Amino acid sequence: MIDREAENSGDGEPEVLGRIRGLTPPRAEPSFRERLKRDFVSGSVGDRPRGVAISPHRRRPILGWASGLSAAAAVAFLVAALNQPPRWTALPSGGSGNVVVNGLSIPVRETAELTRRIRPGSRIRLESTKELDLVSSGVLAMQLSPGTEMVLPPPPGRWFGRGARANVAGGLLRVTTGRRFHGARLAITTPDATVRVTSTTLAVIAQPAGTCVCVLEGTAHVGPHRGAMTRVRPGSRCEVAHGGQTPKTGDMLDAERPRLVDLRDRMQAVMN
Amino acid sequence: MTSSIRDRTQTAVPSVVVLEAVRRREPQALAAFFEQHFDRVYGLVYRLLGDRHWAEDATQEVFLKLHRAAHTLDPDRDPGAWVTTIAYNVCRDLWRSGAYRLSRQSISIDDPDHGDGAIPSNREDPEGELIAAEREKLVQDAIGRLPESLRAAVVLREYQGFSYEEIASVTGTTPVAARKRYSRALAELGKLLESTIK
């Protein structure tokens, strides 16, 4: 306690202080006072209901903010983790040779090492005698033919980040989509064309003369990089010549049909 | 004037023996403890809450907490600051409650219960009695219209006789901030009471 006369000498609010200090001390109702005293002494204080429940002391706002942010971060982390699609897996290949992943040569038979090395965005070149299958379970499967060079796309996320982009520098890439691909978008670019894939099975053949896209199922849209897109129906193909602006359409290549059917059927177990 | 205020905020420090008995919750010691602190607690919560019903609820809550925490009482120290801190925390919880905010929004300035709990008993001068009661009501209303942090500063200092250090300890701030709040509270009250002072 303090001597306020001494401390307040410089406040300069004498009228206000006079009015404040002039208030009559509030007196409680005698009945309330007596009842509370009786309850306090007997230990039954609080048994009597209050007019309004008084909430317990709240945590400091900073703790509330911190816990809120932590919870939000945990939820965001959980959602991001759950959104992750299955990673790319290399399936055993019967061929011999190597796969060059980001400049590192790996024997094609070492599927475990291949699976460990390949990531979305990896540049892959297949130097083998047979095809190599890469699978993101339930979402997307790709088959690279010998000599194909491409940049691997990220498999589309479960709820967001559902657009993906792959690049085929040269060679033949077959693609089939799975049940969990539904609603996602995949764009495959070649030196001459862009292919937009939505739930389909198709082959993208990138050659020096141009790009040919054969669609077995579903629909794809194909066009030159700066030109109009052409819708390619099941069983047909679309060719974009090197430097050309007008795609040409026709029946799909006979050689591709059994290969695409084989890919689709083999992948059925892991894609649906 | 000020000396009388200071007198009423100062309570005799109870003996260690009594406080030890309070810790053991002996009825006689609890009764003495109650008598010693009731007016101070009620006066504080009434000034902070500005309403008799809320003050009664808060006072009951304070003594409930005191009873529950009696065993933690330090008999070697004046329990006044401890009691005041508990009372202030109860008021702070009330300020944050939806029920209190709602009731404050619905209180009318003409509410006959929304004034000082004390009615002057000077029956020989009813006109003076009315004027004094009205002036007190205006001051209490002005205190009630202050932001809670400023209200706490002015109430703790003027009606509890606390130093800035003690105010800072109770309200969880620094002595400098407590001094600033007190100064701002006086300035605000000066504005609110401007017409009645002149």
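I took two strands as paired where DSSP finds at least two bridges between them. The model I examined is a predicted one.

**Entry 1, strands of chain A.** I looked up the partners of strand S4(A), residues 123-128. It pairs with strand S2(A), residues 97-101, in the antiparallel sense over 5 bridges. Within this pairing, I found Val100(A) bridged to Arg125(A) of S4(A). I then turned to strand S7(A), residues 149-151, which runs antiparallel to S4(A) and is joined to it by 3 bridges. There, Arg123(A) stands opposite Val151(A).

**Entry 2, nonpolar cores.** I noted that the largest nonpolar core has 61 residues, and that Val45(B), Ala87(B) and Val154(B) have the most contacts inside it. The element that gives the most to this core is helix H3(B), residues 27-49, with 11 residues. I also checked the domains: domain 1 (1-114) and domain 2 (116-198) of chain B each supply at least three residues to the core. I recorded a second, separate core of 52 residues, with Phe181(A), Leu216(A), Cys238(A) and Val240(A) among them.

**Entry 3, contacts of Val45(B).** I left aside neighbours within four places in sequence. The contacts of Val45(B) are then Ala55(B), Ala58(B), Thr59(B), Val62(B), Ala87(B) and Cys91(B).

**Entry 4, helix H8(B).** I asked how many residues of this helix, 148-158, are buried. The count is 9 of 11, and the helix is thus mostly covered. The buried residues include Leu150(B), Val154(B) and Leu156(B), as well as the charged-name entries Arg151(B), Arg157(B) and Glu158(B).

Conventions:
Residues numbered from 1 in each chain as written. Chains lettered and ligands numbered in written order. Predicted model: local features only at pLDDT ≥ 70, side-chain atom pairs only at ≥ 80, totals over all residues. Core = buried A, V, L, I, M, F, W, Y, C linked by C-beta atoms within 7 Å. Buried ≥ 20, exposed ≤ 12 C-beta atoms within 10 Å, placed from the backbone. Helix = DSSP H or I, 4+ residues; strand = E, 2+ residues; numbered from the N terminus. Domains from an automatic or database assignment. Contact = placed C-beta atoms within 7 Å.
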